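Reader: Hi! I have a new model open on my screen and would love to talk it through with you. Could you take a look with me?
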Amino acid sequence: MIQIPSDKDIVILTKPNFLSHDVSVKVLNSKQTVSMIQDFDFEKNQLFVDCDEDCFLEIDSSVKLSTKQMLWENGKLLLSQNELETLVNSMPPLSPFLAQDLTGKDLMLAWGKKESLLSAIESGFGTYFSRSRNGKWVKGEESGHLQNLKQIYLHTNPFFVQYVADQVGAACHTGYYSCFFRELGQNDSVSFVYSNKVGE
């Protein structure tokens with residue numbers, strides 16, 4: 001049984017298949033999320049939940065995807081400095097930041113600020129904003145499980161950042177390769193995606 005946090009925004013990721021870099025995002029409150037899960041068609045689509053139970057990944061082949069803009073690739077900024085500044089200044093104060101691996105597998109969803117994005121562009125590492133520590137968070141800085149970025153995309157409707165990364169070790173603090181290590185099923189059933197944690 002999962003416990004959806006009542007005091008957080010819940011992010012719903014939707015993709016046409018499990019290994020896809022094409023993804024859309026919507027942000028719901030906890031009540032809307034509970035309704036979504038109650039009405040979910042488990043026979044037709046798949047639904048995964050992350051470690052904090054505040055992000056869900058829905059696999060739906062009929063999803064309509066919004067366009068994305070590649071901002072950065074392999075250390076090279078693909079926009080002019082002026083275009084980057086305009087984009088960054090239009091960012092909401094806090095936005096979803098999604099990390100995927102090179103195969104399209106979703107690794108984790110965290111939140112970030114414009115400073116997180118600028119730092120990622122400069123360093124080439126997956127960078128976020130930690131709400132609990134109220135500051136910049138470079139994924140893997142302490143554990144060594146860094147995200148070596150290959151591409152950064154921006155989506156505008158709604159606004160979110162998409163990292164494509166070469167993940168070192170586990171993306172999840174629990175030790176699993178991905179934070180989306182549980183699949184939900186009918187009658188509140190939960191099954192594990194990975195048979196073991198990284199390094200086991």
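Reader: Thanks! Which residue does R182 meet in a salt bridge?

Author: Happy to help. One thing to keep in mind is that this is a predicted model. The side chain of R182 meets that of E53, with N to O at 2.9 Å.

Reader: Where do R182 and E53 lie in the chain?

Author: R182 belongs to strand 13 (residues 182–184), while E53 is in the loop between strand 3 and strand 4, so the salt bridge ties together parts that are 129 residues apart in sequence.

Reader: Are R182 and E53 buried or exposed?

Author: Both R182 and E53 are buried.

Reader: How many salt bridges does the structure hold?

Author: There are 5 salt bridges. One of them joins D54 and K8, at 3.1 Å from N to O. D54 lies in the loop between strand 3 (46–49) and strand 4 (55–59), and K8 in the segment before strand 1 (10–15), so this pair links parts 46 residues apart in sequence.

Reader: And is D54 buried or exposed?

Author: D54 is buried, at a relative accessible area of 9%. K8 is partly exposed, at 30%.

Reader: Switching topic to pockets: what volume does the largest pocket have?

Author: The largest pocket has a volume of about 700 Å³. It is lined by 29 residues, and the closest to its centre are D52, M108, R133, W137 and H173.

Reader: Which strand gives the most to the lining of the largest pocket?

Author: Strand 8 does, with 4 residues. Strand 9 (127–130) and strand 10 (135–138), like strand 8, each supply at least two residues of that lining.

Reader: R133 caught my eye there. Which residue forms a salt bridge with R133?

Author: That would be E142, with the closest N and O atoms 3.8 Å apart. E142 is exposed, with a relative accessible area of 74%.

Reader: Back to strand 9 and strand 10, in which sense do they pair?

Author: They are antiparallel, with 4 bridges between them. Y128 stands opposite W137 of strand 10, and W137 is among the residues closest to the centre of the largest pocket. The hairpin has 4 residues between the two strands, and N134 takes a positive phi near 55 degrees there.

Reader: Which way do the residues of strand 9 point?

Author: T127 and F129 point one way, Y128 and S130 the other, and all are buried. In a regular strand, side chains alternate between the two faces of the sheet.

Reader: Nice. How many strands are in the open sheet, and in what order?

Author: The open sheet has 6 strands in the order 6-5-11-12-7-8, with mixed pairing. Strand 6 (76–77) and strand 8 (106–112) are at the edges with a single partner strand each, so one side of each has no neighbour in the sheet.

Reader: How many bridges join strand 5 to strand 11?

Author: There are 5 bridges between strand 5 (residues 68–73) and strand 11 (residues 147–156), which run antiparallel. In that pair, K68 has H155 as its bridge partner.

Reader: Last topic, helices. Which strands does helix 2 lie across?

Author: Helix 2 (residues 81–89) lies across strand 5, strand 6 and strand 11, at about 125 degrees to strand 5. Helix 3 lies across several strands, including strand 7 (95–101) and strand 12 (159–167), and runs at about 135 degrees to strand 11.

Reader: Which residues of helix 3 are buried?

Author: In helix 3 (residues 114–123), S116, L117, S119, A120 and I121 are buried. Just after helix 3, G124 takes a positive phi of about 80 degrees.

Terms used:
Residues numbered from 1 in each chain as written. Predicted model: local features only at pLDDT ≥ 70, side-chain atom pairs only at ≥ 80, totals over all residues. Heavy atoms only, no water. Buried < 20%, exposed > 50% of the residue type's maximum accessible area, 1.4 Å probe, protein only. Pairing = 2+ DSSP bridges. Contact = heavy atoms within 4.5 Å. Axes fitted to C-alpha atoms, helices over the stretch in contact; angles between N-to-C directions. Salt bridge = Lys/Arg side-chain N within 4 Å of Asp/Glu carboxyl O. 1 Å grid on protein atoms, 1.4 Å probe; cavity = no way out; pocket = protein on both sides within 12 Å on 5 of 7 lines; lining within 4 Å. Points joined across faces, edges and corners; volume = space filled by probe spheres on them.
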